[in-house]
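Please open the structure in a viewer and keep the sequence panel visible. The tour below proceeds by selections, each followed by a description of what is found there.

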Amino acid sequence: MVRTGLSRMLYMSKYGELPVIPKAVADYMKDCKNPTNSAFHSTLYEAFGELFAASQDVEHWIEHNSDVFARAWLDGYQVEEDK
């Protein structure tokens, strides 16, 4: 999810490059932002708790990179290249 046009230019002038996040985190974020999935996922999450939580790796990354995650959520992101 990369911003385009004027919003991208304004973002770049203020922050520089978009944050780079792991593909698993990008997939999780995309899934969470999908309005069709959000009500369904929240119902399942409440019903089954940890069973439907994000993978431990994704949770760990978000927990230790909360500022980057917040910027990516709000402003867009680049997906980390495979190593």
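Helices, of at least four residues, and strands, of at least two, are DSSP runs that are numbered from the N terminus. This numbering gives the name of helix H2, residues 23-33, which holds both Lys23 and Asp27. The model is a predicted one.

**The whole chain**

Begin with the entire chain in a cartoon view. Five helices and two strands make up its elements, and from the N terminus on they follow the order α-β-α-α-α-α-β. Of the 83 residues, 23% count as buried. Switch next to a surface view: the chain exposes about 6200 Å², of which carbon and sulfur atoms supply 57%. Among contacts in the chain with a separation of 6 or more, 74% are accounted for by residues 24 or more positions apart.

**Helix H2 and its salt bridge**

Select Lys23 and Asp27 and display their side chains. These two residues form a salt bridge, in which the closest N and O atoms are 3.0 Å apart. A search of the whole structure finds one salt bridge. Within helix H2 the partners are four residues apart, about one turn of the helix. Are they buried or exposed, or does each count as partly exposed? Lys23 is partly exposed, because its relative accessibility is 47%; Asp27, at 36%, is likewise partly exposed.

**From the loop to Ala24**

Now select Ser55, which is located in the loop between helix H3 (35-48) and helix H4 (56-64). Ser55 has a relative accessibility of 42% and therefore counts as partly exposed. Add Ala24 to the selection: Ser55 and Ala24 are 31 residues apart in sequence, while their C-alpha atoms are 8.9 Å apart in space.

**The two sides of helix H4**

Proceed to helix H4 and colour its residues by accessibility. Which residues of H4 are buried? They are Val58, Trp61 and Ile62. These residues lie on the same side of H4, because they cover an arc of only 95° around the axis. Rotate the view to the other side of H4, where Gln56, Glu63 and His64 are exposed. To see what the buried residues of H4 pack against, display strand E1 (20-21), H2 and helix H5 (66-75).

**Val58 at closer view**

Centre the view on Val58, a residue of helix H4. Val58 has a relative accessible area of 6%, so it is buried. Leaving aside residues up to four places away in sequence, Val58 touches Ala24, Val25 and Tyr28. Then select Pro22 as well: Val58 and Pro22 are 36 residues apart along the chain, and their C-alpha atoms are separated by 8.6 Å.

**The aromatic pair in helix H5**

Finally, turn to the aromatic side chains. How many aromatic pairs does a search of the whole structure find? The search finds one. The pair consists of Phe69 and Trp73, whose ring centres are 5.9 Å apart and whose planes are at 40°, so the pair is tilted. Both residues lie in helix H5, four residues apart, about one turn of the helix. Phe69 counts as buried because its relative accessibility is 15%, whereas Trp73, at 30%, counts as partly exposed.

Conventions: Residues are numbered from 1 along each chain as its sequence is written. This is a predicted model: local features need pLDDT of at least 70, side-chain atom pairs count only at pLDDT 80 or more; totals for chains, interfaces and linings use all residues. Side-chain values use heavy atoms; hydrogens and water are left out. A salt bridge is a side-chain nitrogen of Lys or Arg within 4 Å of a carboxyl oxygen of Asp or Glu. Buried means under 20% relative accessible area, exposed over 50%, partly exposed in between (1.4 Å probe, protein chains only). Contact means heavy atoms within 4.5 Å. Accessible areas come from the Shrake-Rupley method with a 1.4 Å probe; for residues, only the protein chains shown count as cover. The arc is that of the directions from the helix axis to the C-beta atoms. Rings of Phe, Tyr and Trp (its six-membered ring) pair if their centres lie within 6.5 Å; planes under 30 degrees apart count as stacked, over 60 as edge-to-face and the rest as tilted.
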